[in-house]
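Subject: Structure for your review

Dear colleague,

Please find below the structure that I am handing over to you. My findings follow it.

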Amino acid sequence: MDSLTELHKEMRACRLCLEAGHEIVPGAVFRGSAGAEVLLIGQAPGVTEVEAKRPFNATSGTRLFQWLGEAGWDEDAFRARHYMTAVTKCYPGKDPKSGKGDRVPSKEEQALCRPFLEREIALVRPKLMILVGGLAIKLLYPAKLKLNEVVGTAVYFPPETLINPVNFNFDDALPVSVIGERLSVNG
Ligand code: SF4
């Protein structure tokens, strides 16, 4: 039987991208446990995240927790209570073209890592997923939507529509106005 502990072991040991020839630094970065009400998905860890083994550890964390702070979440409480992961879980290295910023994981790396993300979502079964950045948004929102149409928005899925919690049917989404009435997530 699939368990989150077993999945975490597999992710930490995973070398799929290296074996496929991608220049990543192995050592999956994620944090959280089953029962988390919020599951936050970023793009991929940076170098300081790998060293600290903590998602959103440095500059990206400062920015993220500014946003979450505006929504009433305290950083320490959020990190202790909720689940943080990424589209791809190993550091992809610097962008070879610019030398600045981190390389965006390729489609193949995203595909190799996707089963881990799907299993995380299925095992944690969060009430709320927060997608941070274009890569995470594009994975779960319909491709036809433009990024600027999605950023800052929220959709709600009634539990009865979540037969498969990963492959949502966006036709089932309810307007954002019902979220406050139907969803309660502890901070
Ligand atoms: S990014 Fe994902 S699929 Fe690639 S090596 Fe790391 S854990 Fe494995």
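I begin with the ligand. Helix 6 provides the largest share of the shell around the ligand, namely three residues. Please bear in mind throughout that this is a predicted model. Helix 2 (16-19) is, like helix 6, an element that supplies at least two residues of that shell. The full set around the ligand consists of Cys14, Leu16, Cys17, Ile24, Thr88, Lys89, Cys90, Leu112, Cys113 and Phe116. By character, eight of the shell residues are nonpolar, one is polar and one is charged. As to its location, the ligand sits in the largest cavity.

Helix 6 also matters for the account of the nonpolar cores. The largest nonpolar core comprises 26 residues, and those with the most contacts inside it are Met11, Leu39, Ile41, Tyr83, Phe116, Val124 and Leu131. At least two residues of this core come from each of helix 1 (4-13), strand 1 (38-42), helix 6 (107-124) and helix 7 (134-140). The greatest contribution is that of helix 6, with five residues. A second core, separate from this one, has 11 residues, including Val38, Phe56, Leu68 and Met84. As general background, nonpolar side chains in soluble globular proteins tend to be buried together.

Two residues deserve a description of their own. Which residues does Met11 contact, leaving aside its neighbours within four places in sequence? They are Ala28, Phe30, Tyr83, Lys89, Phe116 and Glu120. Among these contacts of Met11, Lys89 and Phe116 are also listed around the ligand.

The other residue is His8, which is found in helix 1. Is His8 buried or exposed? Its relative accessible area is 10%, and because the limit for a buried residue is under 20%, His8 counts as buried. With neighbours within four places in sequence again left aside, His8 is in contact with Phe30, Gly32 and Tyr83. Phe30 and Tyr83 thus appear in the contacts of His8 and also in those of Met11.

Finally, some values for the chain as a whole. The chain contains nine helices and three strands. From the N terminus on, these elements follow the order α-α-β-α-α-α-β-α-β-α-α-α. Of the 187 residues in the chain, 39% are buried. Among contacts between residues at least 6 apart in sequence, 70% join residues at least 24 apart.

With kind regards

Definitions and conventions. Residues are numbered from 1 along each chain as its sequence is written. This is a predicted model: local features need pLDDT of at least 70, side-chain atom pairs count only at pLDDT 80 or more; totals for chains, interfaces and linings use all residues. Side-chain values use heavy atoms; hydrogens and water are left out. A nonpolar core is a set of buried Ala, Val, Leu, Ile, Met, Phe, Trp, Tyr and Cys residues joined through side-chain atoms within 4.5 Å. Buried means under 20% relative accessible area, exposed over 50%, partly exposed in between (1.4 Å probe, protein chains only). Helices (H or I, at least four residues) and strands (E, at least two) are DSSP runs, numbered from the N terminus. Contact means heavy atoms within 4.5 Å. A residue is near a molecule or strand if one of its heavy atoms lies within 4 Å of it. On a 1 Å grid over the protein atoms alone, a cavity is a set of points where a 1.4 Å probe fits but cannot get out, and a pocket is an open set with protein on both sides within 12 Å along at least five of seven lines; lining residues have an atom within 4 Å of a point. A molecule sits in a cavity or pocket if more than half of its atoms lie within 2 Å of its grid points. Ala, Val, Leu, Ile, Met, Phe, Trp, Tyr, Cys and Pro count as nonpolar, Asp, Glu, Lys and Arg as charged, and the others, Gly among them, as polar.
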